[in-house]
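The following exercises introduce a structure step by step. Please consult the sequence and the model while working through each solution.

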Amino acid sequence: MSILLLPALSNRLSEIEAAPRSWLDGHSFSSELDALASNTANLTDEERRGCIAEIIAHRFHPTTPADRGPWDSYFGPTSSGTDQNGNEVYIPDAKQIDAEIIEYWKVRSVVV
């Protein structure tokens, strides 16, 4: 399966990346991208993966050395809770991320 960005997301990402900034609020930015992809009912699987790859990426938060979060990693969820069946739920959830999305992030993180 591949990752395909919606044109609205691609255009906004290009605008952000072209403007020099010292800091970007990931939560606000992910909300902005989420609004641009508001009609998710008609997305292809590839477009859905593009939304996950770009929107969800900005929702993870850095952990501290003392608390490496539920996945023992630098990035952790924004929040967590328990569902009606007693299962732990994380937002965002690392289960949404697979090797293809990580490879996508690697390519996106390269500074030209």
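**Exercise 1.** Does Trp71 count as buried, partly exposed or exposed, and what is its relative accessibility?

*Solution.* The model is a predicted one. Trp71 has a relative accessibility of 26%. Buried requires under 20% and exposed over 50%, so Trp71 counts as partly exposed.

**Exercise 2.** Describe the aromatic pair of Trp71 and Tyr90, and state which parts of the chain it ties together.

*Solution.* Step one is to find how many aromatic pairs there are: the count comes to 3. In one of them, Trp71 and Tyr90 lie 5.5 Å apart, centre to centre, with 65° between the planes. An angle over 60 degrees counts as edge-to-face, and this is the class of the pair.

Step two is to place the partners. Trp71 belongs to the loop between S1 and S2, whereas Tyr90 belongs to strand S4 (residues 88–91), so the pair ties together parts 19 residues apart in sequence. Tyr90 is partly exposed, at a relative accessible area of 22%.

Step three is to look for a wider group: Trp71 and Tyr90 form one aromatic cluster with Phe60.

**Exercise 3.** Characterise the aromatic pair of Tyr74 and Phe75.

*Solution.* The centres of Tyr74 and Phe75 are 4.8 Å apart and the angle between the planes is 90°, which is an edge-to-face arrangement. Tyr74 is partly exposed at 45% relative accessibility. Phe75 is likewise partly exposed, with a relative accessible area of 45%.

**Exercise 4.** How do strands S3 and S4 pair, and which residue of their hairpin has a positive phi?

*Solution.* Strand S3 (residues 79–82) pairs with S4 in the antiparallel sense, over 4 bridges. Ser80 has Tyr90 in S4 as its bridge partner. Between the two strands of the hairpin there are 5 residues, and Gly86 takes a positive phi near 85°.

**Exercise 5.** What are the volumes of the largest and the second largest pocket, and what lines each pocket?

*Solution.* The largest pocket holds about 480 Å³ of space. There are 20 residues in its lining, and those closest to the centre are Glu17, Leu24, His58, Arg108 and Ser109. Helix H1 (7–18), helix H3 (45–55) and helix H4 (99–109) each give two or more residues to this lining. By class, the lining of the largest pocket comprises 13 nonpolar, 3 polar and 4 charged residues.

The second largest pocket has a volume of about 230 Å³. Among the residues that line it are Phe60, Trp71 and Phe75, names already met in the aromatic exercises. His58 also lines the second largest pocket. This lining divides into 7 nonpolar and 2 polar residues, with no charged ones.

**Exercise 6.** Where is Thr64 placed, and how far is it from Ile16 in sequence and in space?

*Solution.* Thr64 sits in the loop between strand S1 (61–62) and strand S2 (75–76). Its relative accessibility is 42%, so Thr64 counts as partly exposed. Ile16 is 48 residues away from Thr64 in sequence, and their C-alpha atoms are 28 Å apart.

**Exercise 7.** Summarise the protein chain as a whole: in what order do its elements run, and what share of its residues is buried?

*Solution.* The protein chain has 4 helices and 4 strands. Read from the N terminus, they follow the order α-α-α-β-β-β-β-α. Along the principal axes, the C-alpha atoms fill a box of roughly 40 × 35 × 25 Å. Of the 112 residues, 26% count as buried. Finally, among contacts between residues at least 6 apart in sequence, 52% join residues at least 24 apart.

Conventions
Residues numbered from 1 in each chain as written. Predicted model: local features only at pLDDT ≥ 70, side-chain atom pairs only at ≥ 80, totals over all residues. Heavy atoms only, no water. Buried < 20%, exposed > 50% of the residue type's maximum accessible area, 1.4 Å probe, protein only. 1 Å grid on protein atoms, 1.4 Å probe; cavity = no way out; pocket = protein on both sides within 12 Å on 5 of 7 lines; lining within 4 Å. Points joined across faces, edges and corners; volume = space filled by probe spheres on them. Nonpolar A, V, L, I, M, F, W, Y, C, P; charged D, E, K, R; others polar. Phe/Tyr/Trp six-rings, centres within 6.5 Å; stacked < 30°, edge-to-face > 60°. Pairing = 2+ DSSP bridges. Contact = heavy atoms within 4.5 Å.
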